[in-house]
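Colleague: Please take a close look at one part of this model for me, the packing of helices around one chosen helix, and then place that part within the rest of the chain. I would like the cut-offs behind each term stated as you go.

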Amino acid sequence: MNAINVVFPEDAHLLYHFHIDKNVKAKCKMIVHPKKTWDQVMESWGAIVDCENVESYEHRVEAFNVVCSPWPIFTKYVINAWLNLYKENFVKVWMDKVVHLGNTKSNRVEATHWSLKRILETSMRDLCFFWDSMNKIIMLQHNAIKSSFEKSLNVVSHVFNVTRYKKLVGFVLKYDLQYIAEESDRVEYVGLDKSLCGCTIRSTHHLPCACELASFGVGSITLQSMHFIWTRLSFLDISGGDTSVELSIQQEWVIIMNQFNEVDMAGKINIKAKLCEIAYPDKTSLCPPSEKVKTKGAQKRHQSKFAHTCGSKQLLPTSILRCASNLQIIPSRIH
Ligand SMILES: [Zn+2]
């Protein structure tokens with residue numbers, strides 16, 4: 001903690017209250033008696049940690065003093081060791097003033113540390129083994145992040161498939177949309193009133209809060225109204241917040257053209273299919289059958305059209321056979 005103050009003197013430093021809670025609880029068990037009062041004492045402590053404004057903070061500290069008055073050593077410990085020194089690092093009212101983008105806990109780092117230790121198993125191996133193990137962990141994380149980018153780009157929940165989110169879907173992270181949906185639910189109650197809104201999501205996540213959303217027209221929530229980190233859906237080393245950078249795809253375009261000219265027919269079809277996905281996002285490679293298919297009533301066995309055309313029919317379940325007979329699938333998409 002001392003080093004952080006020296007190296008990052010300008011930055012806010014948060015503490016994960018879970019570990020502070022553990023220390024306070026341990027002290028409580030040592031000093032406070034009888035045992036049945038522990039829950040009341042810890043509840044009173046929890047009310048201080050979860051406090052959302054400065055006025056109620058003072059009241060909750062007073063209430064804590066009253067509850068713990070029979071054990072002044074414990075009260076002194078909580079006030080001197082934690083509240084006086086570090087309240088701004090872990091009490092909600094002060095944490096809500098910091099842009100933390102949702103990182104208020106250390107469990108993400110701890111989980112990764114645990115995974116690494118599990119894969120290393122022992123300290124009795126050579127440097128190459130540890131290097132490989134760490135590389136594996138990093139590759140797994142990298143793939144997990146890439147997969148989350150793809151989900152944000154391509155998987156649209158029906159909840160967000162409405163006009164309000166049309167400028168955001170496919171351009172921002174999914175978590176981001178969930179936060180905005182929660183704020184949207186508050187719009188009716190909050191309106192344009194900033195004091196009622198509290199604007200916490202704006203100050204902590206740099207996302208539009210309920211009172212801002214109330215001022216937006218339908219479908220006009222823009223990417224500019226949020227922190228650029230939420231719009232990062234690739235590993236490209238370009239800051240989305242920097243609008244002075246001129247982006248060009250000329251270099252990539254030349255490479256694609258060269259690849260296209262060098263590969264065989266199957267490769268050409270694959271490249272074209274991928275580019276079609278980007279060029280025509282609203283279209284799919286599925287198309288209606290050339291002849292109208294009778295969909296009502298069960299097909300008689302000896303008249304089944306599919307039975308004559310598909311040699312491997314016995315390997316496929318009936319439902320798939322019906323779907324396949326009703327749709328024509330372009331071969332390049334079957335890989
Ligand atoms: Zn607000």
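Modeller: What follows begins with the model as a whole, turns to the chosen helix and its partners, and ends with some other places along the chain.

This is a predicted model, in which local features need pLDDT of at least 70 and side-chain atom pairs count only at pLDDT 80 or more, while totals for chains, interfaces and linings use all residues. Residues are numbered from 1 along each chain as its sequence is written.

The protein has 16 helices and two strands, where helices (H or I, at least four residues) and strands (E, at least two) are DSSP runs numbered from the N terminus. Of its 335 residues, 11% count as buried; a residue is buried if 20 or more other C-beta atoms lie within 10 Å of its own, exposed if 12 or fewer, and partly exposed in between, with C-beta atoms placed from the backbone. Among the contacts in the protein with a separation of 6 or more, 54% are accounted for by residues 24 or more positions apart, two residues being in contact if their C-beta atoms, placed from the backbone, lie within 7 Å.

The chosen part is helix 2, residues 17-31. Two packed helices are described by the angle between their axes and the distance between the axes. Here the axes are lines fitted to C-alpha atoms, for helices over the stretch in contact, and the angles run from 0 to 180 degrees between N-to-C directions. Helix 2 packs with helix 3 (residues 38-49) at an angle of about 150 degrees, and their axes are 11 Å apart. The two helices are therefore roughly antiparallel to each other, given that angles under 35 degrees count as roughly parallel, over 145 as roughly antiparallel, 65 to 115 as roughly perpendicular and the rest as oblique. Their crossing is right-handed; a crossing is left-handed if the near helix is turned anticlockwise from the far one by less than a right angle, and right-handed if clockwise. On the helix 2 side, H17, V24, K25, C28 and K29 meet W38, V41, M42, W45 and V49 of helix 3. By class, this contact has seven nonpolar, one polar and two charged residues, where Ala, Val, Leu, Ile, Met, Phe, Trp, Tyr, Cys and Pro count as nonpolar, Asp, Glu, Lys and Arg as charged, and the others, Gly among them, as polar.

The loop between helix 2 and helix 3 contains P34, and the peptide bond leading from H33 to P34 is cis, with omega near 0 degrees. Most residues other than glycine have a negative phi, and most peptide bonds are trans.

Helix 2 also packs with helix 5, their axes coming within 11 Å and crossing at roughly 175 degrees, which makes helix 2 roughly antiparallel to helix 5. In this contact H17, I20, V24, K27, C28 and I31 of helix 2 meet I73, F74, Y77, V78, W82 and F90 of helix 5, and by class there are 10 nonpolar, one polar and one charged residues. Helix 5 (residues 72-90) also holds K87, whose C-alpha is 9.5 Å from that of L15, although the two are 72 residues apart in sequence. K87 counts as partly exposed, with 17 C-beta neighbours inside 10 Å.

Elsewhere, the axes of helix 7 (residues 107-120) and helix 8 come within 10 Å and cross at roughly 140 degrees, which makes helix 7 oblique to helix 8. Helix 8 (residues 127-154) is hardly covered, the count of buried residues among its 28 residues being one.

Among the loops, L101, between helix 6 (92-95) and helix 7, has a positive phi of about 50 degrees although it is not a glycine. L101 counts as partly exposed, with 14 C-beta neighbours inside 10 Å. H206, in the loop between helix 11 (200-205) and helix 12 (210-215), is likewise not a glycine and has a positive phi of about 55 degrees.

Finally, D176 in helix 9 (residues 174-190) counts as buried, with 20 C-beta neighbours inside 10 Å. Not counting residues up to four places away in sequence, D176 touches L207, M226 and W230, and its C-alpha is separated by 8.9 Å from that of T231, 55 residues apart along the chain.
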